[in-house]
Amino acid sequence: MAAAMPLALFVLLLLGPSGWCLADPQRDSLREELVITPLPSGDVAATFQFRTRWDSELQREGVSHYRLFPKALGQLISKYSLRELHLSFTQGFWRTRYWGPPFLQAPSGAELWVWFQDTVTDVDKSWKELSNVLSGIFCASLNFIDSTNTVTPTASFKPLGLANDTDHYFLRYAVLPREVVCTENLTPWKKLLPCSSKAGLSVLLKADRLFHTSYHSQAVHIRPVCRNARCTSISWELRQTLSVVFDAFITGQGKKDWSLFRMFSRTLTEPCPLASESRVYVDITNYNQDNETLEVNPPPTTTYQDVILGTRKTYAIYDLLDTAMINNSRNLNIQLKWKRPPENGYIHYQPAQDRLQPHLLEMLIQLPANSVTKVSIQFERALLKWTEYTPDPNHGFYVSPSVLSALVPSMVAANPVDWEESPLFNSLFPVSDGSNYFVRLYTEPLLVNLPTPDFSMPYNVICLTCTVVAVCYGSFYNLLTRTFHIEEPRTGGLAKRLANLIRRIRGVPPL
């Protein structure tokens, strides 16, 4: 009985006056969403956004426990007295002319701009220390930020959070255009998510698919927001955004159909258990104009309409927290298919495979008179294997000429003739009637300069390696194979005899 008393007291300490456990309400929340937007150029844009909101004043409260908000970023806010932090890593350039306006644009490379609190005495010192810490967190070269690439704007970068009167002395901005975005930057970015990449929308963040795109941009935005309507207290908001643009023809093997599995090679199986909202939005604004042309599968449960960037948009909503959405099929693979060929379905595109087959693009178009038609193709320069370079690599590499085949209307009507009796030059490409004639034109071959390595380096390495090997091998071989003999002393030569003769004349004993 005496042994049971400490256990009873321990249980009573956990119970409140009414007999129930007292637990503080959750002060943080997570919302995640994915917006899929078919672009006017035929590409598909996917924008991820994860918002973590924490009802806490980090700089006033002694916070030691973190649940959803990343501890690494929370400590930065407290230590360096940050008001706002905006960091982005971007590979490529958002082509507004072909893709339309983006939700949030960023420059190529790395961009960092920070607002400090007015309590910071030495802003430049805090800015330098902060960039070094962020360099370690995101495995980036932010430690190269110094006074030579740092500016203090006065009008361009206003606070995105609580917009009070601010002194631009506490703002710092820097860009590293040469920063290369890779998996080493994406991995720590995903680790800041409450569910990492284990559940929810983050399971689609597969590195080999995200970086095989025309555009890739990941960002971190931290700002204070109002907790209530009167804004009597503030909360901290962390937004992690990631935007990619997929080439629909490449991912669809020459077709404009797309799906989650085709773009990300994965499907959605379950929501993040820590998220209060997990949704996928698909832009179906243009699809509603012709329902017989396109089909979105599975059918959305609800739709959402609003004015986005000055244009009224309609989105199909897929709620991952709806158990019927995923349990019926055990996974969610949103896909869009063409019921019939679209207007540009006579277009035939066959993507290339490295060292197996080239690109093939065929278009059937009708050109108006006195017009100019321009066809452009985007490509990336890459390094070849050292055995694939020609003897004169600096001359460049040739791209095959384009072929234009056309039926040109005839100005004069031709009389029907017997093709067998007509001259040979008139019967190469016969046509059914004399109203048009067949023409095939070729363009000039294109010369492209690819990155060329320094071919003198292999020569130097080979020469140096051969010299070292020859010297070392020769020395060791000489030591291992040489035979040593002991040479017996001789009785003496001519010099010795002459010396003894002189010594004898002088009366000195011989040698």
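This passage walks through a predicted model of one protein chain, from its overall make-up to its bonds and surface.

The chain has 511 residues, and 34% of them count as buried. Its secondary structure comes to 11 helices and 20 strands. Sequence-distant contacts feature heavily in the tally: among contacts between residues at least 6 apart in sequence, 70% join residues at least 24 apart. As for the outside, the accessible surface adds up to about 33,500 Å², with 57% of that belonging to carbon and sulfur atoms.

Cysteines come next. The structure holds 2 disulfides. One of them joins Cys195 and Cys272, whose sulfur atoms sit 1.8 Å apart. This pair links distant parts of the chain, 77 residues apart: Cys195 belongs to the loop between helix 5 (183-191) and helix 6 (207-210), while Cys272 belongs to the loop between helix 8 (260-264) and strand 10 (277-283). The torsion about their S-S bond is about 70°, so this disulfide is right-handed. Both partners are tucked out of reach by the accessibility numbers: Cys195 counts as buried at 12% relative accessibility, and Cys272 is buried too, at 2%.

The other bond pairs Cys226 with Cys231, with the sulfur atoms 2.1 Å apart. Here the torsion about the S-S bond is about -75°, so the disulfide is left-handed. Cys226 is partly exposed, with a relative accessible area of 30%, and Cys231 is also partly exposed, at 29%. If the bonded cysteines are numbered in sequence order, the pairing reads 1-4, 2-3.

Not every cysteine finds a partner. The sulfur of Cys182 has its closest cysteine sulfur in Cys139, 8.4 Å away, and that is too far for a bond because a disulfide needs the two sulfur atoms within 2.5 Å. Cys182 is itself partly exposed, with a relative accessible area of 29%. Cys472 is another partly exposed cysteine, at 37%.

Charged side chains add further links. A search of the whole structure finds 8 salt bridges. In one of them, Arg67 pairs with Asp28, and the closest N and O atoms are 3.1 Å apart. Arg67 lies in the loop between strand 2 (44-54) and helix 2 (71-79), whereas Asp28 lies in strand 1 (residues 28-38), so the pair ties together parts that are 39 residues apart in sequence. The two ends differ in their surroundings: Arg67 is partly exposed, with a relative accessible area of 38%, but Asp28 counts as buried at 10%.

Another salt bridge brings together the side chains of Asp124 and Arg172, at 3.1 Å from N to O. Asp124 lies in helix 4 and Arg172 in strand 6 (residues 171-176), so this pair ties together parts that are 48 residues apart in sequence. Asp124 counts as partly exposed at 48% relative accessibility, while Arg172 is buried at 5%. Helix 4 spans residues 123-137 and also holds Lys125. That lysine counts as exposed, with 51% relative accessibility, which puts it just past the cut-off because exposed means over 50%. The C-alpha atom of Lys125 is 10.0 Å from that of Tyr80, a residue 45 positions away along the chain.

A salt bridge also forms between Glu237 and Arg239, whose side chains meet at 3.0 Å from N to O. Glu237 is buried, with a relative accessible area of 3%, and Arg239 counts as partly exposed at 22%. These two are part of a bigger arrangement: Arg51, Arg223, Glu237 and Arg239 are linked in a network of salt bridges.

Nonpolar side chains show up at the surface as well. Leu361, Met363, Ile365, Leu367, Val375 and Ile377 make a nonpolar surface patch of about 560 Å². One of these residues, Leu361, is found in strand 16 (residues 360-362). Leu361 is partly exposed, with a relative accessible area of 36%.

Finally, there is an annotated stretch. An unreviewed UniProt entry carries the annotation "transmembrane region" for residues 459-480. In the predicted model, this span is 100% helix and 0% strand, and its end C-alpha atoms lie 31 Å apart.

Conventions
Residues are numbered from 1 along each chain as its sequence is written. This is a predicted model: local features need pLDDT of at least 70, side-chain atom pairs count only at pLDDT 80 or more; totals for chains, interfaces and linings use all residues. Side-chain values use heavy atoms; hydrogens and water are left out. Patches are made of residues with over 30% relative accessible area and no salt bridge: like charges are joined within 9 Å, nonpolar side chains (Val, Leu, Ile, Met, Phe, Trp, Tyr) within 5 Å. Accessible areas come from the Shrake-Rupley method with a 1.4 Å probe; for residues, only the protein chains shown count as cover. A salt bridge is a side-chain nitrogen of Lys or Arg within 4 Å of a carboxyl oxygen of Asp or Glu. Helices (H or I, at least four residues) and strands (E, at least two) are DSSP runs, numbered from the N terminus. Buried means under 20% relative accessible area, exposed over 50%, partly exposed in between (1.4 Å probe, protein chains only). Contact means heavy atoms within 4.5 Å. UniProt positions are given in the numbering used here, feature names are shortened, and annotations may be inferred rather than shown by experiment.
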